[in-house]
Amino acid sequence: MDEFQPCLPSVSALSGRSRWVGREAELVVLHGLLGLLGRGVGGCALVEGPPGIGKSSLVSEAVRSAGAEVLVLRGSADEFCVSLPFQLITEALRPVREVAPVPAAGSLWGAGARDPLAAGVQEALARVERACAVQPVVLVASDLQWADEASLTVLGSLVRLTAQLPLLLVAELTTGSKREEVHQLRRAINSAGAEAITLGPLEPEQTVLLAETFLGRRLSSGLRQLTSETGGNPLYVRELTAAMVREQRIDVRGGCAHLVSGGAKRLPGSLGAAIADRVGHMAKDTLEVLRAASMLGTSFEPGELAAVVGWPVERIVEALHEATATGVLSDTVSAAEFHAPLLRQALYESMPTAIRALRHRQTAQALSEGGWPAERVAAHLAAAESTPDEWTLSWLAASGTALLYRVPELARELLQRATASLARDDERREPLKAVLAMAAFLRGKLEECEAIATRVLEHTEDRERVGEMTWILAYSLMHQARHSEALEVVTAVRGRWGLPRVWEARLCALHGMLLNVAPYSGESEGPAMPVLRNAMELGRSMGDAQTIAYSANAMHGCMLRRHMYDAAQRFLEEGLTAAGGDPHLTDIRLLLLCNSLNYWRKRDRIDKVQEAIRQARKLATEAGTARLGSVLVSTAEIGYTLGTWDDVLADLEAVGEMPDRYASISGYGVAALIWAQRGELAAAREYLDKIGDPEQMDPSAWEVSDHQWGARLVIADATGNRDEALATIRRILTDEFQGTVEKAHSLLTRSVRIALRLSERDLAADLVATAHRSAHEDHRAEVREVALQCQGLFASDPGTLREALGYFRGASWVVDAAACAEDLSIVLAVAGDTEAAKAAMREAAEGYLALGAAGELDRADARWREVGLRRGAQGSRKRPSSGWESLTPTEQRVAALVAEGLSNPDIGERLYSSRRTVQTHLTHILAKLGLRSRNEVAQAIPERPQSQAVS
């Protein structure tokens, strides 16, 4: 026998050796995606396989070749992270920049103003988009099976963004996950055309080659047989090889590695045993620190570990040195992480269940005392799975409200566990129940919130809590359109409990808000006004911003009903001033901004409208509130009038699912009217079907139904359905309709036009009379000019029509200006003023062409032919379906800004738009131009003629 040669690599050297055997084809696939990324083309890859098969190692090897011009972001998850929102994505985005801090919850009242999860999703997406505007990005999501739901939501959105960003999303998933949300993301990735890489066991020869690569020697037949028992699992091969070196079970003879028999313990016979063997050889201090680290997840910060163990950071770092040297841990920029999740799992499971639960409880307290985030503390308390002790109950009492901002689901779990453990007469139970009610409210579980808040109100004697719970309960009922019940709750409490003044004021405001949505019979100002005046006085006297803001918004509604528009705006301004920049008042501030932009539209102040839109969109996006959809719908209504129809449709597409019934009626109505006027009647009917039968509509929803009735009129007129058209017009004429639909006057001109065409002159006269009556009651300029247009059309009076047209031009009301110019051209042609008629016809046609209103142009052409006018070859009726000419003006501007290197969020700020709307525009641009990346968009722009330059 040759003399033993101690020339094998150390275990430390083994951990770093190349081990790329049997994965060459998979590396080629990933390198191909990286090559496309270098040209600005994004994509997805899904790497799947069993534990230890080498998913993370494969991806790491691939991205190592990405080069300095590519930013590599990596986040991982473990079973401890499932309950912590954004854990994976926060880790991945750490190199980019920190998320803006979430404001602390001062009370339950403020907790409902912001949706932290939705805000976090928007912030994460914006950060990725901005990073992609600087350089290509690879985002690796490891151990997807343990990812938290918020991170999965972000990843799902990023999957869609890979079609337009230089973003390569690589998801690593261990097979066997049963979580539906994980499978949903998996399906989304596959639907996006992802490269699917499934890693299986290595072939026997590949397994031997891998072991030889680790050892740097050929294997003897005995070692070949031993490595074949690993089942082709690369991690097992690595651990088994390391164990043989560690135990000095290998000698080298004739340049070949042989297994030494006897003299040492038996080699591990499974992957689990191999990992246990690795861990068992650690020094005592190292093992203790690693077990504590396994409580913190796959990655951890040394400072966090020091807080848990109670050692100085220097001692922690020293203890971790051995683990890093032997490959158990890997260093990252700001944290340490286990080389493989199975290593952490082995350490974690080596502790008995009862000991793990105890250590989680101790870890929670240590982190709390060390000043670590409350959600980390809460996660350990949840993992302890034990009856809350005194410290836990005290911590929840102090931190429960703050948890609602960050981890509402986890807060609910802990609060339910705590309240169930307390006796009914325990004084700590009630405040925890109150927080639990708000947790339900934040999660949208309104019935659960109602039940909990009702029970608290039945037993509490705390007057402050009575105020809070009454507000939450009544607000929950109001959100369910149960206004009468909400009124009963508020009136039962007000004046009977001796509430603190601040809560008396706030509930007075809520009382007025509820009265403001209830119908009343003919009183000059309605029952809400005196209540709201009282609330305003109380709020002003105390300087309570919440009372002032909510009362001011409701007073604005009352003023609108009385057509007192200047007074309405003064209340809006007072409410906005009171709300200021307080994050707790985000929701009401958004309502005030939406109402304000509608006011400025009615006052024809386009500059003020744009500023209000910018503020509302920015605030809604940053806050993550569901009101972003409502903001987009509000701006869509204005965009319809101003003629920015393509932008309106993009906005409505970006909204997706409408946030509430009112938004769906309004938003879908706008879309239906645009498509109807463009002659796309099938698309218009689809949107009307989404709204449903207007006869079954809640009367309170009629207020925002003007656009859907307009669409129904256009469709009936375009299809020659005389009966349907006349029935709709007669409905519009009813007192109920005129008194309920806010912008009923906007339907009168088209109704007059149709009635005259159908020779229903008496009906047309009634419409004109209704228009004049509306103008007499409502002193806004727009209502007066609609009445003038109706009168001029009915009486064939060009002077009156010219006056109305002058107003519509000056106010930038593109749609109304085109229609009024059309009516003027007909009247002038009948009067024999052919040249003036042709000029008006050209103005109308240009307006319709700019809108893409092919249906309106067809209808107008038929009218013009009847009076002897011909447009000739003036413009094309429809925009081409592809090429630069197919882009809308906004899409051309977006393309130009993409060429400047701006990200979607930055383009949104430049165009007073939302990030999601810009994303929609860019999707359309890529499809119309047949391009695959933002880089190609930038390259395509200089190729178009100079005359097409974007201003």
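Leu219 stands opposite Ala257 in strand β8 of this predicted model. Strands here (E, at least two residues) and helices (H or I, at least four) are DSSP runs, numbered from the N terminus. Residues are numbered from 1 along each chain as its sequence is written. In this predicted model, local features need pLDDT of at least 70, side-chain atom pairs count only at pLDDT 80 or more, and totals for chains, interfaces and linings use all residues, while side-chain values use heavy atoms, with hydrogens and water left out.

The pair Leu219 and Ala257 has a neighbouring bridge in the record of β8: Arg218 has Cys256 as its partner there. In total, 2 bridges join β6 to β8 (residues 256-259), and the two strands run parallel. Two strands are taken as paired if DSSP finds at least two bridges between them. β8 also pairs with β7, in the antiparallel sense, over 4 bridges. One residue of β7, Ile250, stands opposite Leu259 in β8. The hairpin of β7 and β8 has 2 residues between the strands. Within this hairpin, Gly254 takes a positive phi near 60 degrees. The result is an open sheet of 3 strands with mixed pairing, in the order β6-β8-β7. Its edge strands are β6 (218-219) and β7 (250-253), each of which pairs on one side only.A second open sheet holds 5 strands, in the order β2-β3-β4-β1-β5, with parallel pairing. β2 (71-76) and β5 (195-198) stand at its edges. Each has a single partner strand, so one side of each is left without a neighbour in the sheet. From one strand to the next, the twist averages 15 degrees. Axes are lines fitted to C-alpha atoms, for helices over the stretch in contact, and angles run from 0 to 180 degrees between N-to-C directions. β2 is joined to β3 (residues 137-142) by 6 bridges, and these two strands run parallel. In β3, Ser142 is the bridge partner of Ser76. Helix α2 (residues 24-38) lies across β1 (43-49), β3, β4 (167-174) and β5. The angle between α2 and β5 is about 155 degrees.

Helix packing was examined for α13 and α14. Two packed helices are described by the angle between their axes and the distance between the axes. The axes of α13 (residues 284-294) and α14 (residues 302-309) come within 10 Å. They cross at roughly 105 degrees. α13 and α14 are therefore roughly perpendicular to each other. Angles of 65 to 115 degrees count as roughly perpendicular, under 35 as roughly parallel, over 145 as roughly antiparallel and the rest as oblique. On the α13 side, Val289, Ala292 and Ala293 take part in the contact. They meet Leu305, Val308 and Val309 in α14. Contact means heavy atoms within 4.5 Å. The residues of this contact divide into 6 nonpolar, no polar and no charged. Ala, Val, Leu, Ile, Met, Phe, Trp, Tyr, Cys and Pro count as nonpolar, Asp, Glu, Lys and Arg as charged, and the others, Gly among them, as polar.

Two further helix residues were examined for burial. Glu375 lies in helix α18 (residues 374-384). At 17% relative accessibility, Glu375 counts as buried. Buried means under 20% relative accessible area, exposed over 50%, and partly exposed in between (1.4 Å probe, protein chains only). Not counting residues up to four places away in sequence, Glu375 touches Leu84, Leu403, Arg406, Val407 and Leu410. Gln919 is found in helix α47 (residues 915-929). Gln919 also counts as buried, at 16% relative accessibility. Its contacts, with residues up to four places away in sequence left out, are Arg160, Leu161, Gln164 and Asn904. Gln919 and Leu165 are 754 residues apart in sequence. In space they are 9.9 Å apart, C-alpha to C-alpha.

For the protein as a whole, the secondary structure comes to 48 helices and 11 strands. The C-alpha trace spans about 120 × 75 × 40 Å along its principal axes. Of the 951 residues, 56% are buried. Among contacts with a separation of 6 or more, 69% are between residues 24 or more positions apart.

The mean pLDDT, the predictor's confidence in each residue from 0 to 100, is 84 for the protein. A pLDDT of 70 or more is reached by 91% of the residues. Over residues 1-6 the pLDDT is below 50. Beyond near neighbours in sequence, this stretch has 8 contacts in the model. Over residues 944-951 the pLDDT likewise stays under 50. For residues 944-951 the model has 10 contacts beyond four places in sequence.
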